[in-house]
Amino acid sequence: MIISIASGKGGTGKTLVATSLALSLKDRERVQLVDCDVEEPNDHIFLKPVIKRSETVSIMVPRVNEDKCTFCGKCADVCAYNAIAVLPTNVLVFPHLCHGCGACSYLCPEKAISELGREIGVVEYGHSNGIAFVQGRLNIGETMPTPVIRKVKETAHHDGIVIVDISPGTSCPVVESIRDSDFCLLVTEPTPFGLNDLILAVETAKELEVHFGVVINRAGVGDVKVEEYCLREGIPVLLTIPLDIEIARLNSRGITLVEGMPQWQEPFLAFFDRVQKIIHERSSSLKR
Amino acid sequence: MNEVVVLSGKGGTGKTSIVGSFAVLAKNKVLVDCDVDAADLHLLLQPAIREKHEFWSGQVAVIDGEKCTQCGLCQELCRFKAIEDFRVDAVLCEGCGFCSHVCPSEAITMKENLAGQWYISDTKYGLLVHARLGIAQENSGKLVAIVRQQARKMAEKLGFDYIISDGPPGIGCPVISSLSGANLALLVTEPTLSGIHDLERVLNVCRHFNVPALVCINKYDINENNTREIEHYCLSQKVEVAAHIPFDNVVTEAMVHGLPVVEYSRNGVSHQIEALWELVSKLRVR
């Protein structure tokens, strides 16, 4: 079962929910935590995993053999990303623009283009406290997180409970991370920014046809409009975490909520049971 | 003209609240919201849209079922696994066009994609250029480049001194698009281990693109040990810590009222933000 944790707005508590959910479940289920926020992965700060293995993620970029090249310009014509420019006597390749689609090398009439891997990030595997752990990390200065996210997801387990922590926003990295989830938790805070971005996250989950529910963090901080919205739209609010300076302090020190305040384990387990129940209800209603 | 971009790496550290306040404090500026996939600045500035433009971007492959002979070449060659059962998954398709070039029966065409909208708006604090990327769309970097370019055009035309942009979280495509060529990056962090970790990464991105940076520690009193750690780190990196803003729920209250905090209240938070703008506005980098 894959449960992804998204938010629209950043800093609402995705990592808090992901790490505390994983820790609450680890004695009951086989749990894997997958950090798909490859731009700013933070789960490792809280879980302090032992990393056993890492793998680089590369994009295949073209290398032109100018002895074979006739400077016909076909490669530049077919490149949708302007990553190749053909001049009268040489060819310029801009590796940072290349998406690695392979069209240029396949379509070169002289077979003058080979491909070379260019590292854009790494995927790391390890474990922490009985939890299997995978995270991706985009290299500094790189623009494309999606291939790193894909690699992270490809290598994640597909049995047990897989908890996927996602970057904020609603564009390509979020879409790539949420796809194929059985359920998506949307973590928000009860403020105008939280509500605005929650609505975007809801639209994203609907677009991807993934079932979802809401977690309200820092309840009491702003207004009641997030709750009103969820009620109006029939979106289940599955967990509410109050505004509490102690929780904020624990979080600032990289201590998970359920470790710092063990009384939270029970609410997290009950929360997981609600999620599981919704998944079962939805899948059986589909079968019927 | 000086272009200041506010970034953070980690989301939710207070970028938009600070930019909203700069909107009140700065004269002769154009405001930009570069967080095109979860924009919030408009909630503080209440813009009246003056111009609305479509953002056409990227392409998506479309297979003509009549012409398709189901030879399977496209599926075999697509590296994004976007074609299955002779249908294109528009979300996975990266618009490279490889399939359309190789299809032996010319059954695949590339269609332009309406990926969002961008706006030029009036606010009571001045002009705002902002955008809305469609749900699940790509190319946020390109949309960011458009809003920045428009803001620059307006600022030049009006002879303004500043462009102030609210950046997206992270370090990837839209961040790089917001940052490259800017005169100054103001990095808003918070004294949490996550905030520090993410600050280091975004500062390295600024270095990579040769944009000078300043740091602002928001909610500095949540964990003063971590605040000191940020100060030490910044000292070691020769980056100035330009402000310490205390935690105060007045920031959220202002947001609930749809107002920038310096306009809503005259307390410690507002004084710190005013002092920060004083400093930022005086820097004439590059």
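This passage walks through a predicted model of two chains, A and B, from their overall layout down to single residues.

We can begin with chain A as a whole. Its C-alpha atoms fill a box of roughly 70 × 40 × 40 Å along the principal axes. Chain A is built with eleven helices and eleven strands, and 51% of its 288 residues count as buried. Contacts in chain A often bring together distant parts of the sequence: among those between residues at least 6 apart, 75% join residues at least 24 apart.

Each chain has been divided into two domains. In chain A, the domain assignment gives domain 1 as 2-57 + 121-287 and domain 2 as 66-111. The C-alpha centres of these two domains of chain A lie 41 Å apart. For chain B, the assignment gives domain 1 as 2-46 + 124-282 and domain 2 as 57-114, with 40 Å between their C-alpha centres. In both chains domain 1 is written as two stretches of sequence.

Next comes the place where the chains meet. Chain A gives 52 residues to the contact, and chain B gives 52 residues as well. On the side of chain A that touches chain B, at least two residues each come from α4 (103-107), α6 (172-178), α7 (192-207) and α9 (245-252) of chain A. The helix that gives the most is α7(A), with eight residues. Sorted by class, this side of chain A has 21 nonpolar, 22 polar and nine charged residues.

The interior of the model can be followed through its nonpolar core. In soluble globular proteins, nonpolar side chains tend to be buried together. Here the largest nonpolar core has 178 residues, and those with the most contacts inside it are I163(A), L186(A), A185(B), L187(B) and C216(B). Taking C216(B) as an example, and leaving aside neighbours within four places in sequence, its contacts are I18(B), L186(B), V188(B), A242(B), A243(B), I245(B) and L276(B).

One of those contacts, L276(B), leads to helix α11 of chain B, where L276(B) is buried along with V269(B), S270(B), Q272(B), I273(B), W277(B) and V280(B). These buried residues sit on the same side of α11(B), because they cover an arc of only 160° around the axis. Which exposed residues does the face turned away from the buried side of α11(B) carry? That face has E278(B) and K282(B). The length of α11(B) can be checked too: at 1.5 Å a residue, its 15 residues (268-282) should span 21 Å, and the end C-alpha atoms are 21 Å apart, so the two values agree.

Helix α7 of chain B gives a similar check. Its 16 residues (193-208) reach 23 Å from the first C-alpha to the last, close to the 22 Å expected. Among the buried residues of α7(B) are I196(B), L199(B), V202(B), L203(B) and V205(B), together with S194(B), G195(B) and D198(B). After α7(B) comes N210(B), whose phi is positive, near 55°.

That angle introduces a small backbone theme. Most residues other than glycine have a negative phi. Q70(B) has a positive phi near 55° without being a glycine, and K219(B), also not a glycine, has a positive phi of about 50°. Q70(B) is found in the loop between β3 (48-63) and α3 (73-77) of chain B, while K219(B) lies in the loop between β10 (213-218) and α8 (224-236) of chain B. Are these loop residues buried or exposed? Q70(B) counts as partly exposed because it has 13 C-beta neighbours inside 10 Å, whereas K219(B) counts as buried because it has 23.

Two residues of chain A complete the picture. V148(A), in helix α5 (residues 146-155) of chain A, is buried, with 28 C-beta neighbours inside 10 Å. Apart from residues up to four places away in sequence, V148(A) touches V38(A), V57(A), I120(A), G121(A), V123(A), G136(A) and L138(A). Of these, I120(A) is 28 residues from V148(A) along the chain, yet their C-alpha atoms are separated by 7.7 Å. S283(A), in helix α11 (residues 265-287) of chain A, is exposed, with 11 other C-beta atoms within 10 Å. S283(A) and D182(A) are 101 residues apart in sequence, but 9.6 Å apart in space, C-alpha to C-alpha.

Key
Residues are numbered from 1 along each chain as its sequence is written. Chains are lettered from A and ligands numbered from 1 in the order in which they are written. This is a predicted model: local features need pLDDT of at least 70, side-chain atom pairs count only at pLDDT 80 or more; totals for chains, interfaces and linings use all residues. Domain bounds come from an automatic or database domain assignment. Helices (H or I, at least four residues) and strands (E, at least two) are DSSP runs, numbered from the N terminus. The expected span of a helix is 1.5 Å times one less than its number of residues. A residue is buried if 20 or more other C-beta atoms lie within 10 Å of its own, exposed if 12 or fewer, and partly exposed in between; C-beta atoms are placed from the backbone. The arc is that of the directions from the helix axis to the C-beta atoms. Two residues are in contact if their C-beta atoms, placed from the backbone, lie within 7 Å. Ala, Val, Leu, Ile, Met, Phe, Trp, Tyr, Cys and Pro count as nonpolar, Asp, Glu, Lys and Arg as charged, and the others, Gly among them, as polar. A nonpolar core is a set of buried Ala, Val, Leu, Ile, Met, Phe, Trp, Tyr and Cys residues joined through C-beta atoms within 7 Å.
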